Amino acid sequence: MSYPAGLTGGMLALLVLVCCSCGNKEERLVNARANQLSDLYEHGAKPAFELFANQAEQLYESISSLTQAPDEAKLADSRSAWVAAATTYKQCELYFVGEVDRTRLKNKIHRWPANILEIKEALESESRSVETLNQANTYTVGLAAIEYLLFDQLAADSAVGSDLGENPELDYLLLLSEYLMTISRELEQAWDEYKEEFISATDLGVFGSQNRMINSLVFHLEESVRYRLGIPLGEENQGNSQPTQIESPYAQISLGMLKAGFLETEKILSGNYSPDVQGFGFFDYLIEIGEDERIVLRLEETIEAVDAQINEIESRNTATDLASLIADDKASVESLQTKFTDLLTVVKVDLTSLIGATVTLNDTDGD
C-alpha cells in the first residue's frame with residue numbers, strides 16, 4: 001500500500017489507529033444489532049407466535065366441543081379461549097416484518113370492525129368452505145368475525161340445547177376457528193423459516209431488520225393513536241364519539257387489547273421480555289452507540305406515562321371496553337391518546353434519527 005508523500009511516521013500511526021478504531025466500532029455495533037435481533041426473535045416473536053398458535057388450537061377445540069353439545073358452560077369456555085387468543089395476538093402484531101409480513105396472512109387473522117352484512121350472507125350460504133374463506137373479504141374471517149358470532153349472535157340461552165344442523169352460527173364458527181388455527185400455524189412456520197434472515201440482516205438500510213422493527217413500532221403506535229383511540233373518540237366525526245368503532249365491540253376487552261400491544265412495545269424498546277429475561281433492546285443499543293442516556297430516560301418517561309394512565313383508568317372503572325369508558329370517562333381516554341402520541345413522537349422522531357433508521361411505508365399499506 002502506498003501513502004501520500006510527506007506523511008510522517010507519527011501521522012501514519014495515527015491514521016492506522018483511527019482506521020482500526022472505526023473498524024472495531026463498526027464490528028461492535030454489528031454484533032450489538034445481531035444480539036438485539038436474536039433477542040427479538042427468541043424472546044419476542046417466537047414465543048408470541050407459538051403461544052398464539054396454541055391458543056388458536058384451543059379455541060378451535062372449545063368451539064368444536066360447543067358445536068357437538070352446546071350449553072352455557074361450553075359457550076363460556078369458547079369465549080374465554082377467544083379472549084386469550086385475541087390478547088396474545090396483540091403481541092404478535094409487533095412482529096409482522098419482512099417475509100412474515102409479506103405473507104399477508106395477518107389480514108386473515110384480524111381486521112376490524114367485522115363486516116356484519118357479509119357475515120350474515122355467509123351464514124345464509126350453503127357453500128361455506130376453506131376455499132370460500134380464502135376468497136372472502138378479510139373483514140368476514142378471523143378474530144373479529146369469531147368475536148361477533150361468539151359474543152353477539154350466540155346468547156347463552158339460545159346455545160343451550162341447540163343442534164349443529166339447526167344452527168348456522170355454530171357451523172360457521174367451527175369453520176372460522178379451524179381456518180384461524182391453520183393460518184396461525186402457517187405464520188409460526190413462516191417465522192421459523194425467516195428467523196435466520198431476520199437475525200443476519202444487521203445492516204442499517206431500509207431492509208435491515210432493526211429498521212424494519214422500528215417501522216413496525218411506529219406503525220403500531222400510529223394505529224393505536226388514530227384507529228384504536230382516535231376514531232372511537234370522534235376525531236373523524238366532528239368530535240362526535242363513535243363507540244361502535246372500538247376494536248372489541250362485542251367481547252368488550254378493547255382496553256386490554258390496547259394494553260397488550262403497548263406492553264409488547266415496551267418489551268421491544270427495553271429488552272425486558274419477562275422477569276427472567278433481560279435482553280438487549282433499543283435502550284441498550286442507544287447506549288452502545290454512545291448516545292446521551294437522557295434519550296433513554298425520555299423514552300422511559302413516555303412509556304411510564306402511558307402505563308400509569310392505563311392503570312389509573314383500570315383502577316377507577318370496572319369497564320374494560322373503550323366504548324363504556326368514552327361514554328363515562330372520555331377525558332381519561334383522551335389523556336391516554338395524548339400520552340400514546342407522545343410515545344409515538346419520541347420513537348418516530350428521536351429514536352429513528354439517533355439510530356439512523358428510515359421510516360417507510362408499511363409493507364401492506366394500501367392493501
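**Figure 1. Leucine 143 and its neighbours in the predicted model.** In this predicted model, leucine 143 is found in helix H6 and touches Phe52, Trp82, Ala86, Tyr89, Ile109, His110 and Leu180, leaving aside residues up to four places away in sequence. Is leucine 143 buried or exposed? With a relative accessible area of 0%, leucine 143 is buried. Leucine 176 is a useful landmark for this view: 33 residues separate leucine 143 from leucine 176 in sequence, and their C-alpha atoms are 8.7 Å apart in space.

**Figure 2. Helix H6 against helix H8.** Here we follow leucine 143 into the helix pair it belongs to: H6 covers residues 142-153, and H8 covers residues 168-200. The two axes come within 10 Å and cross at roughly 150 degrees. Angles over 145 degrees count as roughly antiparallel, and H6 and H8 are therefore roughly antiparallel to each other. Their crossing is left-handed. On the H6 side, the residues to look for are Gly142, Leu143, Ala145, Ile146, Leu149, Leu150 and Gln153; they meet Glu169, Tyr172, Leu173, Leu176, Ser177 and Leu180 in H8. Sorted by class, this contact has nine nonpolar, three polar and one charged residues.

**Figure 3. An aromatic cluster that includes residues of H8.** Searching the whole structure turns up 10 aromatic pairs. In the pair shown here, the ring centres of tryptophan 191 and tyrosine 194 are 5.3 Å apart and the planes stand at 55 degrees, so the pair is tilted. Both residues lie in H8, three residues apart, which is about one turn of the helix. Tryptophan 191 counts as buried at 2% relative accessibility, and tyrosine 194 is buried too, with a relative accessible area of 3%. Follow the ring pairs onward and you will find Tyr41, Trp191, Tyr194 and Phe198 linked into a cluster.

**Figure 4. Helix H10 alongside helix H13.** How are H10 and H13 oriented to each other? H10 (residues 254-270) and H13 (residues 322-355) pack at an angle of about 20 degrees, and their axes are 12 Å apart. Since angles under 35 degrees count as roughly parallel, H10 and H13 are roughly parallel to each other. H10 passes H13 in a left-handed crossing. Ser254, Leu255, Leu258, Phe262 and Leu269 are the H10 residues in this contact, and they meet Leu322, Leu325, Leu336, Phe340, Leu343, Val347 and Leu351 in H13. By class, the contact has 11 nonpolar, one polar and no charged residues.

**Figure 5. Backbone details in two loops.** Most residues other than glycine have a negative phi, and most peptide bonds are trans. This view collects some departures from that pattern. In the loop between helix H3 (98-102) and helix H4 (116-124) you will find proline 113, and the peptide bond leading to proline 113 from tryptophan 112 is cis, with omega near 0 degrees. Arginine 104 lies in the loop between H3 and H4 as well. Phi of arginine 104 is positive, near 60 degrees, and the residue is partly exposed, with a relative accessible area of 37%. Glutamine 238 sits in the loop between helix H9 (209-233) and H10. Glutamine 238 also has a positive phi, near 55 degrees, and at 71% relative accessibility it counts as exposed.

Definitions and conventions: Residues are numbered from 1 along each chain as its sequence is written. This is a predicted model: local features need pLDDT of at least 70, side-chain atom pairs count only at pLDDT 80 or more; totals for chains, interfaces and linings use all residues. Side-chain values use heavy atoms; hydrogens and water are left out. Rings of Phe, Tyr and Trp (its six-membered ring) pair if their centres lie within 6.5 Å; planes under 30 degrees apart count as stacked, over 60 as edge-to-face and the rest as tilted. Helices (H or I, at least four residues) and strands (E, at least two) are DSSP runs, numbered from the N terminus. Buried means under 20% relative accessible area, exposed over 50%, partly exposed in between (1.4 Å probe, protein chains only). Axes are lines fitted to C-alpha atoms, for helices over the stretch in contact, and angles run from 0 to 180 degrees between N-to-C directions. Angles under 35 degrees count as roughly parallel, over 145 as roughly antiparallel, 65 to 115 as roughly perpendicular and the rest as oblique. A crossing is left-handed if the near helix is turned anticlockwise from the far one by less than a right angle, and right-handed if clockwise. Contact means heavy atoms within 4.5 Å. Ala, Val, Leu, Ile, Met, Phe, Trp, Tyr, Cys and Pro count as nonpolar, Asp, Glu, Lys and Arg as charged, and the others, Gly among them, as polar.
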